[in-house]
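Please look at the sequence and the three-dimensional model shown here. The paragraphs that follow lead through the interface and then a metal site.

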Protein chains: 2
Amino acid sequence: MKSDSSTQESATSSPRLTRNQQAVLDVLHQQADALSAQELHSLLREQQAIGLATVYRALETLKLHGLIKSRMGANGEALYSPVVSDQHYLTCLQCGQSFPLDHCPVQELETHLQPSVPFKVYYHTLEFFGLCEPCNHQIPQ
Amino acid sequence: MKSDSSTQESATSSPRLTRNQQAVLDVLHQQADALSAQELHSLLREQQAIGLATVYRALETLKLHGLIKSRMGANGEALYSPVVSDQHYLTCLQCGQSFPLDHCPVQELETHLQPSVPFKVYYHTLEFFGLCEPCNHQIPQ
DNA sequence: TGGGCGAATGATAATCATTCTCATTATACT
DNA sequence: AGTATAATGAGAATGATTATCATTCGCCCA
Ligand SMILES: [Mn+2]
Ligand SMILES: [Mn+2]
Ligand SMILES: [Zn+2]
Ligand SMILES: [Zn+2]
């Protein structure tokens with residue numbers, strides 16, 4: 001179970017990925033949940049030498065190629081995941097916990113989407129915010 | 001059309017807002033587009049003395065009360081808007097420009113939502129990412 | 001009406017994820 | 001091999017957001 005240098009298909013034509021970009025993408029594909037850049041860096045370091053800046057640059061490139069997406073974590077860090085994982089969450093505004101939805105409510109909407117401007121859609125983000133059961137009770141007032 | 005100190009109704013029971021929290025909320029209601037915390041601070045300063053920290057604290061409180069929501073701007077700053085404005089965007093991954101959608105595709109979905117866990121939903125965020133027409137051509141490869 | 005107290009505020013420092021710089025190294029191509 | 005170009009890493013810089021902490025405000029009640 002290692003370096004699948006096969007993870008390629010995407011929204012773009014033909015992404016020529018560097019070894020590091022491919023390594024980042026592979027780790028993201030191996031993980032069940034979204035990872036922060038720094039978590040990614042730690043995981044990658046277990047197998048090879050790589051700088052943090054390179055991880056950030058790889059993430060930027062992969063995102064521009066429509067291969068990965070990101071959402072904002074509770075503590076102000078971006079969480080990255082492959083575009084193919086169409087996963088959404090209920091997120092608590094108080095404690096930051098995220099509860100996964102069991103299916104995407106806008107899957108087919110994206111294809112039917114009729115933008116008023118020409119635009120090439122790679123992916124979407126959808127998230128519901130509110131209060132989880134415990135937090136809903138201990139809210140002041 | 002000015003300072004409605006009446007902007008109150010929300011998802012929560014009875015939000016007792018401070019003068020500053022109300023001022024922040026009022027400015028957000030007056031603006032057509034989402035504002036960053038620092039833009040808000042500048043606008044508020046035109047009418048009254050208020051510290052930047054207070055603006056951030058007001059935003060946090062208003063968010064916890066389900067009165068406002070935020071999305072990540074292109075340059076790493078959070079953009080705040082009232083929850084009542086159900087507006088979504090196509091955002092370009094390359095240049096950061098945002099193009100508004102003309103209607104929300106998940107409006108009624110939110111009410112029908114059947115979470116696997118008890119959860120009080122205040123609002124949702126939905127955004128489509130990709131490349132705008134100009135950027136789609138000048139992408140390397 | 002004045003005192004007391006907890007919440008709110010503001011100035012400022014601290015935090016910390018992300019980005020920038022720049023010297024070095026790998027890669028592609030002839 | 002030799003050169004041009006892109007990628008990399010270490011570390012410094014950036015900048016939005018948070019934490020501190022001393023001061024002030026709003027509010028209740030004797
Ligand atoms: Mn989806
Ligand atoms: Mn909506
Ligand atoms: Zn919670
Ligand atoms: Zn663009």
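A salt bridge is a side-chain nitrogen of Lys or Arg within 4 Å of a carboxyl oxygen of Asp or Glu. Across the interface of chain B and chain A, that rule finds zero salt bridges. This is a predicted model, in which local features need pLDDT of at least 70, side-chain atom pairs count only at pLDDT 80 or more, and totals for chains, interfaces and linings use all residues. Residues are numbered from 1 along each chain as its sequence is written, chains are lettered from A and ligands numbered from 1 in the order in which they are written, and side-chain values use heavy atoms, with hydrogens and water left out.

The interface involves 41 residues of chain B in contact with 41 residues of chain A, where contact means heavy atoms within 4.5 Å. Together the two chains bury about 3,500 Å², 69% of it on carbon and sulfur atoms; buried area is the accessible area (1.4 Å probe) that two parts lose on being put together, summed over both.

The manganese ion (ligand 2) has as its protein donors B:Asp86 (OD), B:His88 (NE2), B:Cys104 (SG) and B:His124 (NE2), at 2.0 to 2.2 Å. Donors are N, O and S atoms within 2.8 Å of the metal (3.2 Å for Na, K and Ca); water is not among the atoms, so sites may look incomplete. Along the chain, the donors of this ion follow the spacing D-x1-H-x15-C-x19-H.
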